[in-house]
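Hi,

Here is the structure I promised to pass on to you. Please open it first, and then read on for what turned up in it.

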Amino acid sequence: MSDVHHDFKTLASDCLQMQILFGAFTPDQWGFRPRTVVVHGESGVGKSALARRILLHWAQGELYPGMFSYVFFLHAGEVQSRRESSFMELISGEWPDSPAPVMDILSQPERLLFVVDGFDDLDIAFKEDDTHLCDDCAEKRPGSVLMHSLLKSVLLPEASLIVTIRHMGVENLQAVVTSPRYLLVEGMSMERRTQLFLKHMKNEHQKIRVLHSVVDNHQLFGECQVPIVWSLICQALQMQEAAGKSLPHTCQILTGLYVTFVAHQLTPRDDCRRCLSLEERAILKALCRMAAEGLWSTKFVFYRDDLRVYGLTESQLSALFHMNILQPDDPGERCYTFPHPSLQEFCAALYYILEGLEREWEPHPLFMENISTLMELKQISINAHLLQVKRFLFGLMNKEVMRVLENLLGCPIPQVVKRALLHWICLLGQRANTTAPLDFLDSFYCLFETQDKEFVCLALNSFQEVWLSINRRMDLLVSSYCLQHCQYLWKIQIDVREIFSEDEATKAWSMIPQGLQIKALVDEWWENLCLVLSTHPNLRQLDLSGSILNEWAMRTLCIKLRQPTCKIQNLILGDCGLTAADCQDLASVLISNQRLTHLYLSTNNLGSEGMNLLCRALKLFTCALQRLILNECNLDVIGCGFLALALTGNRHLTHLSLSMNPLGDDGVILLCEVMAEPSCHLQDLELVKCDLTTVCCKRLSYVITRSKHLRSLDLAANALGDSGMAALCEGLKQRQVSLKRLGLEACDLTSECCEALSSALSSNQSLTSLNLMRNHFSPEGIMKLCPAFAHPNSNLQIIGLWKWQYPAQVRKLLEEVQLQKPQVVISDGWYAFDEGDRYWWKN
């Protein structure tokens, strides 16, 4: 790696970020000054180098001037490996001249700063029982106890600490330190990474496409903050470029890059042999097993004793690899780490392949246990490192990758591994209703790594419903690839976050020379996803609720939904930030796509302008829409006017929900004018919380009388009052009424209207469902209604009432109604008894 690594000699200023430490101990706005500062970051970003430079900058008077009299650097792993000693002896050993003024040093502990580098190396300290801690600087104790005592502020509690740690160890540290301040050390800047990629990619024709692929692959670009990973990726790309492979595609498959790099490092030095010998294979397997078992126990630092447990020596590893696959993690070379956790994750995945070579006909011990349930599979996904191992394992099933491995190992890879992986994915498909979006996306990433269409189709054969959360641009590419192979998929929910906004990926393009820019991959990938959705032969419901879609993204989606190949019937776009401008594109879909019958647009600020554009489409005979949900869309009386014109002569729309819009009485009166006409085929109208009063009730009563189609009317949460109820009752009394379902929850009704309502119910034979919840009925009022509920003419089956709010005498009368008519249900869960697909978007 020396050729590429040469460029990192000048990267210290990028990686160290000394400026984050200047205010590390400054009191916050509440006056709190931390005693412990935790410096965390990815492995390899320069935390240890930063820790050592603290001493230099302090000694030069540039850092913490006047705050500390003495600053000590302690390497955690080195201290832990020491024999028993006192803390006095420990700091004496760090003193440049002998003897150290120990008593003077310890006389003012509040002026001491200890820089503890590599908390991750303390594989024992944080597990120690607090009863064994030490508070005496002169007492001799094991190094791990001294470190634990210092970190827990039992030893020198007034002293200040700066502790470096990798991201994955922060959780362990939280159980040790008290009220720390956390500072993040980032790696190479985005600008620096971009510049280096442009410099090192030789192929002028591919370099820009490669840069796009790398930047939009959030995982790959993120790991390239670490110089050694950047070096690994560059070497792998250069080797694949030399082999004539398509680099933009290669950058999207992480496993392929790691296989290329590791296989090159493992290539036998003996030219007579083309594959590893059995002895070399055994050494590789032992190393990979140590990597796997280390990940299961969250261990990333290995000691010489660990190597001996696995039968490994430094000389064996040096002979097998062209590089130091295990690098010294302390000055005394007593502990080792993989150059980066991702290499440990890759080696862990490789272990299961090597294990399978010897146990082909036995149940395969993937992840050291027999994964047979969905819960076990989810537990793996909780750990980010095991999650990456799983993805690498799927990637190792890639046909091209398998050929590389088979050539390297000198034998075929058994199919038992593939069968076990297939079983995992099938578990998710069988439990779609209990599977979280991240689990679906994780399985898609795993399958994407294989790039094996036959295997992916087989794995996704049981997937009929999918729920995805698209938070990164790469998620688009991965989702498109897998969704096109879900041949039985009929329902999908996608939550698209801010992938179209400017982030570090878009900032990178400013560094590309003029004339070399190409279309952003996020645009291309979104178009591909929309194309997959619009051409899927079995997809019937698309739910994008809560997604953040800009105007271009929405227009692109609508263009695809207009195509004759689109089979989607139900489209859900609730709370998508849609505006009137988006309604123009949606209107074009309604005109062109006659398969689209259900549209949900709630919680979008469409306004009257948006309503006007939609209604232009609703008026046309080519619009086949049957159910339209416009709850909380900021519609007013003007919007109702447009809607009323659209309903005139529309024979398809049967269900309309306008709840939580400020329609007012005037708006509903406009709708009533049309609904009373025989040409209006509306069957279900939801007007919950629409600022209605008594004023509109006479017109609604007239509609109830005249409409032959209206079956359901929900007027909940409107201040209709008793006089409004009386007006409605006049309509309910009529014989030709077709209304079956009436919602009157929270309508300011009192016992004054119960006599009129009782009379109407006694003569009405069509009503089967009535909601009277959250009104102000007295026991006497309910007693007036009970005879109507039990009347032979009444066909009520569901009555929305909370029986337990009334005294025993009233409850008894209600129970007698149910005894006389066993089919009658009196319950406070009125909405739970809805039949059919009235609330189809919730199913």
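Let me start with strand pairing: strand E1 (36-41) runs parallel to strand E4 (residues 160-166), and six bridges join the two. Within this pairing, Val38 stands opposite Val163 of E4. E1 also pairs with strand E5 (residues 181-184), again in the parallel sense, through four bridges. There the bridge partner of His40 is Leu184. One caution before you go further: this is a predicted model.

How many of the six residues of E1 are buried? Six of the six are, so the strand is largely enclosed by the rest of the structure. In a regular strand the side chains alternate between the two faces of the sheet. In E1, Thr36, Val38 and His40 point one way, while Val37, Val39 and Gly41 point the other way, and all are buried.

Next, the aromatic rings, which you may enjoy. The count comes to 18 aromatic pairs. One of them is Phe25 with Phe68, an edge-to-face pair with 5.6 Å from centre to centre and 80 degrees between the planes. This pair links distant parts of the chain, with the two positions 43 residues apart: Phe25 sits in the loop between helix H2 (12-16) and strand E1, and Phe68 in the loop between helix H3 (47-59) and strand E2 (70-75). Both Phe25 and Phe68 are buried.

Phe302 and Phe338 make another edge-to-face pair, at 6.2 Å centre to centre and with 80 degrees between the planes. Here too distant parts of the chain are linked, 36 residues apart: Phe302 belongs to strand E6 (residues 302-303), and Phe338 to the loop between strand E8 (335-337) and helix H18 (341-358). Are these two rings' residues buried or exposed? Phe302 has 2% relative accessibility, so it counts as buried, and Phe338 is buried as well, with a relative accessible area of 2%.

Further along the chain, one aromatic cluster is formed by Tyr600, Trp830, Tyr831, Tyr839, Trp840 and Trp841. There is also a charge over a ring: Arg391 lies over the face of Tyr445, at 4.4 Å from the ring centre.

Finally, the surface. Val637, Ile638 and Leu670 make a nonpolar surface patch of about 220 Å². Of these, Val637 lies in helix H31 (residues 637-647). Val637 counts as partly exposed because its relative accessibility is 32%, and partly exposed covers the range between 20% and 50%.

Best wishes

Terms used: Residues numbered from 1 in each chain as written. Predicted model: local features only at pLDDT ≥ 70, side-chain atom pairs only at ≥ 80, totals over all residues. Heavy atoms only, no water. Phe/Tyr/Trp six-rings, centres within 6.5 Å; stacked < 30°, edge-to-face > 60°. Buried < 20%, exposed > 50% of the residue type's maximum accessible area, 1.4 Å probe, protein only. Lys NZ or Arg CZ within 6 Å of the ring centre and 35° of its normal. Patch = residues over 30% accessible without salt bridge, like charges linked within 9 Å, V, L, I, M, F, W, Y side chains within 5 Å. Areas by Shrake-Rupley, 256 points an atom, 1.4 Å probe, with all protein chains shown as cover. Salt bridge = Lys/Arg side-chain N within 4 Å of Asp/Glu carboxyl O. Pairing = 2+ DSSP bridges.
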